[in-house]
Amino acid sequence: MKQYERKTENRIFILLFLLLAIVSSSLIYFRLKEEPIQRNMDVTEEVSFSMSMVPDYNGVPYAEIHENIPFISCKDTKEYIHFSELDECGRCGIAEAVIGEEMLASEERGSIGQIKPSGWQTVRYDDLIADKYLYNRCHLIAYELCSINDDARNLVTGTRSMNIYGMLPFENMTVQYIHDTGNHVYYRATPVFSQEDLVCKGILLEAYSIEDAGKGLSFCVFCYNVQPGIEIDYQTGESRRIDYQIEKEIPLQKEYVLNIRSLKFHDPDCEGVLAMSENNKEIRIATRDELIEEGYTPCGICNP
Ligand SMILES: [Zn+2]
């Protein structure tokens, strides 16, 4: 009986050992899989990005970094996409891809409302933001570029300003270049978090066209995760209106809706905006004075 018990015990030990071996080897495997794919990469210089390279936000939604030259590029046109696993705070990391024509989205984007990126808050400022909501779920690599929509490793909490005025022009530029040439683009998006912050300070976007060695497309820009008129607590994602007292010296930049036909400008929630034809509508972040200088007059209903 004793003998029998001992045997079973041994068997259990062996089983446990095998199990442990399997688990640890699969852990090693997953770790390896997580490593960025290094395939014929060129590091442009010995420098790497740091927040000290980013000028203070001055109202322009993005800034060129490193003389607009990507820190890294790639010679291999083989298509791939790689997202970092979420870290212990649930935050996204670097997303990178070699994008070719087949990867571009051909279908309408589906819903992503079920994903809550780190620092996510559903908060609206109807009078400051045309779409009302402060935060968008921002794709690191735009859906239009990779056809991947609802992957949590590709979505961060970003302001509407960063999404629309910071990132979108560069995403569109990249889509356009690939469409026009059929060439491949190395593309990397790096969300930059400070310490334990749940909301990123911004996203570094780098792109480099491979076949023509960056002649057709090359950029390195930092898109600020800010929203004019609103202060963000990056640690938590909480936000508040910037107090008028603090803001007094600087003319308030905010979102206005312009009617490019009648040359009137409105607050985003004005009833005049609802009646406006989409063809005449333009959304702009500006100060009141800037618009008046351009020849626009404030709407008589909303008195923006
Ligand atoms: Zn109005």
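Over which residues does pLDDT stay under 50, and how many contacts beyond four places in sequence does the model have for them? In this predicted model, the stretch is residues 25-39, for which there are eight contacts beyond four places in sequence. The pLDDT is also below 50 over residues 244-249, a stretch that has two contacts in the model beyond near neighbours in sequence. Where pLDDT is low, the predicted coordinates should not be read in detail. For the protein, the mean pLDDT is 86, and 82% of the residues reach 70 or more. Confidence is lowest in helix α4 (residues 244-247), with a mean of 43, and highest in β7, with 98.

The protein contains six helices and 16 strands, and buried residues make up 32% of its 304 residues. Among contacts between residues at least 6 apart in sequence, 71% join residues that are at least 24 apart.

One open sheet is formed by six strands in the order β2-β10-β9-β8-β5-β4, with antiparallel pairing. Because β2 (62-64) and β4 (80-83) stand at the edges, each with a single partner strand, one side of each is left without a neighbour in the sheet. Neighbouring strands of this sheet are turned by 15° against each other on average, direction ignored. Helix α3 packs on the sheet, where it touches β2, β5, β8, β9 and β10, and the direction of α3 makes about 160° with that of β10.

Within this sheet, β5 pairs with β4 in the antiparallel sense over four bridges, and five bridges join β5 to β8, again in antiparallel fashion. On the β4 side, the bridge partner of H82 is E96 in β5, while F83 stands opposite A95 in β5. On the β8 side, A97 stands opposite Y187. Strand β5 is mostly covered, since five of its five residues are buried. In a regular strand the side chains alternate between the two faces of the sheet. Accordingly, A95, A97 and I99 point one way from β5, whereas E96 and V98 point the other way, and all are buried.

The largest nonpolar core has 43 residues, of which I99, I141, V185, L205 and C223 touch the most other members. The elements that give two or more residues to this core are the strands β5 (95-99), β7 (155-159), β8 (185-192), β9 (202-209) and β10 (218-224), together with the helices α2 (143-146) and α3 (160-181). For I141, when its neighbours within four places in sequence are left aside, the contacts are I81, A95, A97, C146, N154, Y187 and A189. A second core, separate from this one, consists of 17 residues, among them Y165, Y256, V257 and M276.

A further open sheet is formed by four strands in the order β15-β13-β14-β16, and here the pairing is mixed. The edge strands are β15 (281-286) and β16 (297-298), each of which pairs on one side only. Strand β14 (residues 264-266) pairs with β16 in the parallel sense over two bridges, and K264 stands opposite T297 in β16.

Definitions and conventions
Residues numbered from 1 in each chain as written. Predicted model: local features only at pLDDT ≥ 70, side-chain atom pairs only at ≥ 80, totals over all residues. Core = buried A, V, L, I, M, F, W, Y, C linked by C-beta atoms within 7 Å. Buried ≥ 20, exposed ≤ 12 C-beta atoms within 10 Å, placed from the backbone. Contact = placed C-beta atoms within 7 Å. Pairing = 2+ DSSP bridges. Axes fitted to C-alpha atoms, helices over the stretch in contact; angles between N-to-C directions. pLDDT = per-residue confidence, 0-100.
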